[in-house]
Amino acid sequence: MRLLFAGSPAPAVTALEALLASRHDVVAVLTRPDARAGRGRGTTPSAVAAVARDAGLEVLTPRRPSEPQFQARLADLEVDAAPVVAYGALLPVSVLAVPRYGWINLHFSVLPAWRGAAPVQHAVLAGDEVTGATTFLIEEGMDTGPTFGLVTETIRPTDTSGDLLERLAVTGAELLVRTLDGIDDGVLVPVPQPADGVSMAPKITTDDAAVRWDHPAMAVDRRIRACTPAPGAWTTLAGARLGVGPVTVIPDACHDVGGHGVVDDGWNDLAPGQVLVRRREVLVGTATDPVRLSTVVPAGRKPMVAPDWARGARLDAATLLGAVS
(Lines give C-alpha, C1' and ligand atoms only; values in the text may rest on other atoms or scores of the structure.)
Protein backbone atom coordinates (compact mmCIF):
# COMPACT_ATOMS: atom_id res chain seq x y z
CA MET A 1 0.00 0.00 0.00
CA ARG A 2 0.97 3.63 -0.51
CA LEU A 3 1.32 5.25 2.90
CA LEU A 4 1.50 8.70 4.42
CA PHE A 5 3.15 8.32 7.83
CA ALA A 6 2.16 10.84 10.52
CA GLY A 7 4.29 11.17 13.66
CA SER A 8 6.61 13.52 15.51
CA PRO A 9 8.59 12.40 18.62
CA ALA A 10 11.32 9.79 18.97
CA PRO A 11 9.02 6.85 19.83
CA ALA A 12 7.36 7.30 16.43
CA VAL A 13 10.70 6.85 14.65
CA THR A 14 10.70 3.13 15.45
CA ALA A 15 7.39 2.71 13.64
CA LEU A 16 8.54 4.75 10.65
CA GLU A 17 11.67 2.65 10.31
CA ALA A 18 9.62 -0.56 10.55
CA LEU A 19 7.31 0.66 7.79
CA LEU A 20 10.25 1.65 5.58
CA ALA A 21 11.51 -1.93 5.93
CA SER A 22 8.07 -3.43 5.20
CA ARG A 23 6.42 -4.36 1.91
CA HIS A 24 4.53 -1.04 1.93
CA ASP A 25 5.60 2.19 0.24
CA VAL A 26 5.92 5.24 2.50
CA VAL A 27 5.57 8.10 0.01
CA ALA A 28 5.57 11.05 2.45
CA VAL A 29 5.63 11.99 6.12
CA LEU A 30 3.38 14.38 8.04
CA THR A 31 4.96 15.83 11.18
CA ARG A 32 4.90 18.88 13.42
CA PRO A 33 6.71 22.03 12.22
CA ASP A 34 10.29 22.60 13.33
CA ALA A 35 10.34 23.89 16.91
CA ARG A 36 12.50 26.54 18.50
CA ALA A 37 14.91 25.12 21.08
CA GLY A 38 18.05 26.00 22.98
CA ARG A 39 19.45 29.30 24.14
CA GLY A 40 19.96 30.49 20.59
CA ARG A 41 16.30 29.71 19.89
CA GLY A 42 17.20 28.07 16.61
CA THR A 43 14.73 25.68 15.00
CA THR A 44 14.96 21.92 15.41
CA PRO A 45 13.05 19.38 13.31
CA SER A 46 10.99 16.68 14.97
CA ALA A 47 12.69 13.32 15.42
CA VAL A 48 10.50 11.88 12.66
CA ALA A 49 11.30 14.75 10.27
CA ALA A 50 15.04 14.22 10.71
CA VAL A 51 14.80 10.51 9.89
CA ALA A 52 12.40 11.07 7.01
CA ARG A 53 14.66 13.66 5.37
CA ASP A 54 17.65 11.35 5.71
CA ALA A 55 15.58 8.67 3.94
CA GLY A 56 14.77 11.06 1.11
CA LEU A 57 11.05 11.26 1.91
CA GLU A 58 8.83 14.24 1.29
CA VAL A 59 8.14 15.92 4.65
CA LEU A 60 4.91 17.87 5.19
CA THR A 61 4.83 20.26 8.15
CA PRO A 62 1.58 22.25 8.14
CA ARG A 63 0.80 24.21 11.29
CA ARG A 64 -2.62 22.59 11.13
CA PRO A 65 -3.78 19.66 8.99
CA SER A 66 -6.84 21.74 8.09
CA GLU A 67 -4.70 24.01 5.88
CA PRO A 68 -5.94 23.90 2.25
CA GLN A 69 -2.42 23.48 0.88
CA PHE A 70 -1.86 20.35 2.95
CA GLN A 71 -5.25 18.91 2.06
CA ALA A 72 -4.56 19.45 -1.62
CA ARG A 73 -1.20 17.68 -1.35
CA LEU A 74 -2.80 14.81 0.58
CA ALA A 75 -5.27 14.29 -2.25
CA ASP A 76 -2.47 14.39 -4.83
CA LEU A 77 -0.49 11.69 -3.01
CA GLU A 78 -3.35 9.17 -3.45
CA VAL A 79 -2.34 7.15 -0.42
CA ASP A 80 -4.15 3.97 0.58
CA ALA A 81 -3.69 4.49 4.32
CA ALA A 82 -2.13 6.90 6.79
CA PRO A 83 -0.53 5.23 9.84
CA VAL A 84 -0.23 7.59 12.80
CA VAL A 85 2.07 7.44 15.86
CA ALA A 86 2.03 10.42 18.23
CA TYR A 87 1.58 13.02 15.51
CA GLY A 88 0.49 15.69 17.99
CA ALA A 89 -2.37 17.51 16.24
CA LEU A 90 -6.05 16.85 15.70
CA LEU A 91 -7.05 15.62 12.25
CA PRO A 92 -10.13 17.37 10.85
CA VAL A 93 -13.02 15.40 9.41
CA SER A 94 -12.13 16.73 5.97
CA VAL A 95 -8.91 14.68 5.89
CA LEU A 96 -10.06 11.52 7.66
CA ALA A 97 -11.86 10.09 4.63
CA VAL A 98 -9.15 10.88 2.08
CA PRO A 99 -7.00 7.71 2.38
CA ARG A 100 -8.78 4.64 1.05
CA TYR A 101 -8.45 2.74 4.33
CA GLY A 102 -8.38 5.77 6.60
CA TRP A 103 -5.91 6.87 9.29
CA ILE A 104 -4.62 3.96 11.39
CA ASN A 105 -3.41 5.06 14.82
CA LEU A 106 -0.95 3.20 17.04
CA HIS A 107 -1.91 4.10 20.62
CA PHE A 108 0.19 3.04 23.61
CA SER A 109 -2.51 1.50 25.81
CA VAL A 110 -5.01 -1.33 25.68
CA LEU A 111 -8.05 0.63 24.56
CA PRO A 112 -10.50 1.74 25.83
CA ALA A 113 -8.18 2.26 28.81
CA TRP A 114 -6.15 5.47 28.88
CA ARG A 115 -7.51 7.40 25.93
CA GLY A 116 -5.63 10.66 25.46
CA ALA A 117 -2.21 12.24 25.20
CA ALA A 118 -0.31 10.48 28.01
CA PRO A 119 -1.39 6.83 28.24
CA VAL A 120 1.98 5.44 29.32
CA GLN A 121 2.46 8.02 32.07
CA HIS A 122 -1.03 7.44 33.45
CA ALA A 123 -0.59 3.66 33.44
CA VAL A 124 2.56 4.00 35.56
CA LEU A 125 0.96 6.64 37.80
CA ALA A 126 -2.06 4.42 38.43
CA GLY A 127 0.08 1.43 39.34
CA ASP A 128 -1.19 -0.74 36.48
CA GLU A 129 0.52 -4.09 36.17
CA VAL A 130 -0.12 -4.52 32.44
CA THR A 131 -0.53 -2.11 29.55
CA GLY A 132 0.06 -2.44 25.82
CA ALA A 133 -0.48 -0.91 22.40
CA THR A 134 -3.56 -0.85 20.17
CA THR A 135 -4.08 -0.08 16.50
CA PHE A 136 -7.40 1.57 15.64
CA LEU A 137 -9.19 3.51 12.93
CA ILE A 138 -9.24 7.22 13.74
CA GLU A 139 -12.66 8.87 13.89
CA GLU A 140 -13.87 12.18 15.32
CA GLY A 141 -13.82 11.10 18.99
CA MET A 142 -10.71 11.03 21.19
CA ASP A 143 -9.23 7.55 20.60
CA THR A 144 -12.73 6.08 20.27
CA GLY A 145 -12.40 4.38 16.89
CA PRO A 146 -12.79 0.64 16.24
CA THR A 147 -9.65 -1.43 16.85
CA PHE A 148 -7.64 -3.74 14.61
CA GLY A 149 -5.22 -5.42 17.02
CA LEU A 150 -3.26 -5.14 20.25
CA VAL A 151 -0.17 -6.30 22.10
CA THR A 152 0.31 -6.34 25.86
CA GLU A 153 3.33 -5.40 27.97
CA THR A 154 4.03 -6.04 31.64
CA ILE A 155 4.85 -2.93 33.66
CA ARG A 156 7.91 -3.76 35.75
CA PRO A 157 8.21 -2.45 39.34
CA THR A 158 11.04 -0.06 38.44
CA ASP A 159 9.78 1.04 35.00
CA THR A 160 9.80 4.73 34.25
CA SER A 161 7.52 6.01 31.51
CA GLY A 162 10.61 6.26 29.33
CA ASP A 163 11.55 2.61 29.93
CA LEU A 164 8.04 1.40 29.18
CA LEU A 165 7.57 3.56 26.11
CA GLU A 166 10.88 2.34 24.69
CA ARG A 167 9.61 -1.27 24.77
CA LEU A 168 6.14 -0.36 23.52
CA ALA A 169 7.64 1.55 20.59
CA VAL A 170 9.24 -1.68 19.37
CA THR A 171 6.31 -4.05 19.91
CA GLY A 172 3.89 -1.38 18.73
CA ALA A 173 5.80 -0.87 15.48
CA GLU A 174 5.58 -4.59 14.80
CA LEU A 175 1.85 -4.48 15.51
CA LEU A 176 1.38 -1.54 13.15
CA VAL A 177 3.10 -3.36 10.29
CA ARG A 178 1.01 -6.51 10.91
CA THR A 179 -2.14 -4.37 10.99
CA LEU A 180 -1.38 -2.77 7.63
CA ASP A 181 -0.49 -6.17 6.19
CA GLY A 182 -3.84 -7.54 7.34
CA ILE A 183 -5.77 -4.60 5.92
CA ASP A 184 -3.93 -4.90 2.61
CA ASP A 185 -4.65 -8.65 2.48
CA GLY A 186 -8.33 -8.07 3.22
CA VAL A 187 -8.30 -10.29 6.30
CA LEU A 188 -8.50 -7.62 9.02
CA VAL A 189 -11.50 -5.44 9.85
CA PRO A 190 -11.89 -3.07 12.81
CA VAL A 191 -14.00 -4.04 15.82
CA PRO A 192 -15.86 -1.46 17.98
CA GLN A 193 -14.31 -0.74 21.35
CA PRO A 194 -16.18 -2.05 24.41
CA ALA A 195 -18.28 0.47 26.32
CA ASP A 196 -16.82 -0.59 29.67
CA GLY A 197 -13.33 0.12 30.97
CA VAL A 198 -12.93 3.62 29.54
CA SER A 199 -10.35 5.84 31.26
CA MET A 200 -8.77 9.11 30.19
CA ALA A 201 -5.09 10.08 30.04
CA PRO A 202 -4.74 13.86 29.65
CA LYS A 203 -1.34 15.45 29.23
CA ILE A 204 0.84 15.41 32.36
CA THR A 205 1.74 19.01 33.19
CA THR A 206 4.72 20.38 35.09
CA ASP A 207 2.43 21.04 38.04
CA ASP A 208 1.33 17.39 37.97
CA ALA A 209 5.00 16.38 38.26
CA ALA A 210 5.45 18.03 41.68
CA VAL A 211 6.24 15.35 44.28
CA ARG A 212 3.73 15.14 47.12
CA TRP A 213 5.84 13.95 50.05
CA ASP A 214 2.74 13.75 52.27
CA HIS A 215 1.38 10.97 50.04
CA PRO A 216 2.19 7.27 50.65
CA ALA A 217 5.65 6.12 49.56
CA MET A 218 4.24 3.93 46.78
CA ALA A 219 2.37 6.91 45.33
CA VAL A 220 5.54 9.04 45.49
CA ASP A 221 7.47 6.31 43.68
CA ARG A 222 4.83 6.00 40.96
CA ARG A 223 4.56 9.74 40.38
CA ILE A 224 8.30 10.12 39.95
CA ARG A 225 8.57 7.14 37.60
CA ALA A 226 5.53 8.32 35.61
CA CYS A 227 7.12 11.74 35.09
CA THR A 228 10.54 10.37 34.08
CA PRO A 229 11.90 11.53 31.70
CA ALA A 230 9.15 14.05 30.88
CA PRO A 231 8.04 16.43 32.18
CA GLY A 232 10.44 15.48 35.01
CA ALA A 233 9.46 15.07 38.66
CA TRP A 234 10.49 17.90 40.97
CA THR A 235 10.31 19.28 44.47
CA THR A 236 11.67 22.39 46.14
CA LEU A 237 14.50 23.10 48.57
CA ALA A 238 14.56 26.51 50.24
CA GLY A 239 12.28 27.82 47.51
CA ALA A 240 14.43 26.59 44.60
CA ARG A 241 13.27 23.82 42.27
CA LEU A 242 15.03 20.47 42.55
CA GLY A 243 14.54 17.74 39.96
CA VAL A 244 14.09 14.25 41.39
CA GLY A 245 14.99 10.96 39.72
CA PRO A 246 13.45 7.55 40.50
CA VAL A 247 13.45 6.52 44.16
CA THR A 248 13.51 3.27 46.11
CA VAL A 249 10.88 2.64 48.78
CA ILE A 250 12.46 1.52 52.08
CA PRO A 251 9.93 -0.76 53.84
CA ASP A 252 9.60 -0.24 57.60
CA ALA A 253 12.39 2.33 57.53
CA CYS A 254 15.00 -0.40 57.01
CA HIS A 255 18.02 0.63 54.99
CA ASP A 256 21.56 -0.34 54.15
CA VAL A 257 24.07 1.86 55.91
CA GLY A 258 27.42 2.03 54.16
CA GLY A 259 27.01 -1.45 52.67
CA HIS A 260 27.16 -3.09 56.11
CA GLY A 261 23.74 -4.69 56.14
CA VAL A 262 20.12 -3.72 56.71
CA VAL A 263 19.45 -1.55 59.73
CA ASP A 264 16.19 -0.40 61.32
CA ASP A 265 16.99 2.82 63.12
CA GLY A 266 13.43 3.65 64.13
CA TRP A 267 12.93 6.44 61.56
CA ASN A 268 9.32 5.41 60.89
CA ASP A 269 8.31 8.86 62.17
CA LEU A 270 10.43 10.68 59.57
CA ALA A 271 8.16 13.58 58.60
CA PRO A 272 6.93 13.99 55.01
CA GLY A 273 9.68 15.75 53.08
CA GLN A 274 12.19 15.48 55.93
CA VAL A 275 15.68 14.50 54.77
CA LEU A 276 17.97 11.99 56.46
CA VAL A 277 21.53 11.98 55.10
CA ARG A 278 23.86 9.01 55.53
CA ARG A 279 27.29 8.52 54.07
CA ARG A 280 26.01 6.54 51.11
CA GLU A 281 22.31 7.33 50.99
CA VAL A 282 19.74 10.09 51.27
CA LEU A 283 16.29 9.23 52.61
CA VAL A 284 13.18 11.39 52.45
CA GLY A 285 10.09 10.91 54.56
CA THR A 286 6.61 10.32 53.10
CA ALA A 287 3.19 9.62 54.63
CA THR A 288 4.30 6.00 55.12
CA ASP A 289 7.78 4.58 54.51
CA PRO A 290 10.79 6.73 53.58
CA VAL A 291 12.26 6.60 50.08
CA ARG A 292 15.89 6.62 49.00
CA LEU A 293 16.86 9.24 46.41
CA SER A 294 18.94 8.12 43.43
CA THR A 295 19.67 11.31 41.49
CA VAL A 296 18.66 14.95 41.76
CA VAL A 297 18.91 17.90 39.38
CA PRO A 298 19.62 21.23 41.12
CA ALA A 299 18.35 24.28 39.24
CA GLY A 300 20.64 25.13 36.33
CA ARG A 301 22.89 22.10 36.87
CA LYS A 302 23.33 18.58 35.55
CA PRO A 303 21.96 15.48 37.32
CA MET A 304 23.90 14.46 40.44
CA VAL A 305 24.07 11.32 42.55
CA ALA A 306 22.01 12.11 45.66
CA PRO A 307 24.72 11.54 48.32
CA ASP A 308 27.17 13.79 46.42
CA TRP A 309 24.52 16.49 46.15
CA ALA A 310 23.62 16.20 49.83
CA ARG A 311 27.22 16.69 50.94
CA GLY A 312 27.55 19.88 48.93
CA ALA A 313 24.12 21.16 49.94
CA ARG A 314 24.97 20.88 53.67
CA LEU A 315 21.60 19.41 54.64
CA ASP A 316 20.64 18.75 58.25
CA ALA A 317 17.81 17.08 60.16
CA ALA A 318 15.66 20.22 59.87
CA THR A 319 15.74 20.17 56.07
CA LEU A 320 12.36 19.73 54.40
CA LEU A 321 11.78 19.17 50.70
CA GLY A 322 8.74 20.69 49.07
CA ALA A 323 5.50 21.93 50.53
CA VAL A 324 2.96 19.35 51.66
CA SER A 325 -0.50 19.55 50.06
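This report walks through a predicted model of one protein chain, from its overall layout to single residues.

## Overall layout

The protein chain has eight helices and 19 strands. Its C-alpha atoms fill a box of roughly 70 × 45 × 35 Å, taken along the principal axes. Of the 325 residues in the chain, 46% are buried. Contacts often span long stretches of sequence: among those between residues at least 6 apart, 63% join residues at least 24 apart.

## The nonpolar cores

In soluble globular proteins, nonpolar side chains tend to be buried together. Here the largest nonpolar core holds 38 residues. Phe 5, Leu 16, Leu 19, Val 26, Val 29, Val 85 and Leu 180 touch the most other members. Several elements each supply at least two residues: β1, α1, β2, α2, β7 (103–107), α5 (119–125), β9 and α6. The largest share comes from α6, with eight residues. Another core lies apart from this one. That core has 28 residues, among them Ala 118, Val 211, Val 284 and Trp 309.

Leu 180 shows how a core member connects to the rest. Setting aside neighbours within four places in sequence, Leu 180 is in contact with Met 1, Leu 3, Leu 19, His 24, Ala 81, Pro 83 and Ile 104.

## Two helices, each with a buried face

Helix α1 has five residues to note: Ala 12, Val 13, Ala 15, Leu 16 and Leu 19 are buried. Seen down the axis of α1, these buried residues fall within an arc of 165°, so they line one face of the helix. They pack against β1, β2, α2, β6 (82–85) and α6.

Helix α2 covers residues 47–54, and its buried residues are Val 48, Ala 49 and Ala 52. Their arc, seen down the axis of α2, is 95°, so they also line one face of their helix. An α-helix has 3.6 residues a turn, so residues three or four places apart point the same way. The cover over the buried residues of α2 includes β1 (2–7), α1 (10–20), β2 (25–30) and β5 (58–60). Just after α2, Gly 56 takes a positive phi of about 80°.

## Three threonines

Thr 134 sits in strand β8. Thr 135 has its place in β8 too, a strand of residues 130–137. Thr 134 has a relative accessible area of 1%, so it counts as buried. Thr 135 is at 0% relative accessibility and therefore counts as buried.

Their side chains make polar contacts, set out below.

| Side chain | Partner | Distance |
|---|---|---|
| Thr 134 | Ser 109, backbone oxygen | 2.6 Å |
| Thr 134 | Leu 111, backbone nitrogen | 3.2 Å |
| Thr 135 | Thr 179, side chain | 2.9 Å |

Both residues have other neighbours as well. Leaving out residues up to four places away in sequence, Thr 134 is in contact with Asn 105, Leu 106, His 107, Ser 109, Val 110, Leu 111, Thr 147, Gly 149, Leu 150 and Leu 175. With that exclusion, Thr 135 touches Ile 104, Asn 105, Leu 106, Thr 147, Phe 148, Gly 149, Leu 175, Leu 176 and Thr 179.

Now turn to Thr 158. Is Thr 158 buried or exposed? Thr 158 has 62% relative accessibility, so it counts as exposed. Thr 158 is found in the loop between β9 (147–154) and α6 (161–185). Not counting residues up to four places away in sequence, Thr 158 touches Asp 163 and Arg 225. Pro 194 is 36 residues from Thr 158 along the chain, and their C-alpha atoms are separated by 31 Å.

## Aromatic rings

How many aromatic pairs does the structure hold? The structure holds zero. Yet two arginines lie over ring faces. Arg 32 lies over the face of Tyr 87, at 5.9 Å from the ring centre. Arg 241 lies over the face of Trp 234, at 3.8 Å from the ring centre.

How values were computed:
Residues are numbered from 1 along each chain as its sequence is written. Side-chain values use heavy atoms; hydrogens and water are left out. Buried means under 20% relative accessible area, exposed over 50%, partly exposed in between (1.4 Å probe, protein chains only). Helices (H or I, at least four residues) and strands (E, at least two) are DSSP runs, numbered from the N terminus. The arc is that of the directions from the helix axis to the C-beta atoms. Contact means heavy atoms within 4.5 Å. Rings of Phe, Tyr and Trp (its six-membered ring) pair if their centres lie within 6.5 Å; planes under 30 degrees apart count as stacked, over 60 as edge-to-face and the rest as tilted. A charge sits over a ring if NZ of Lys or CZ of Arg is within 6 Å of the ring centre and within 35 degrees of the ring normal. A polar contact is a pair of N or O atoms within 3.5 Å; within protein, one must be able to donate a hydrogen and the other to accept it, and residues adjacent in sequence count only if both atoms are side-chain atoms. A nonpolar core is a set of buried Ala, Val, Leu, Ile, Met, Phe, Trp, Tyr and Cys residues joined through side-chain atoms within 4.5 Å.
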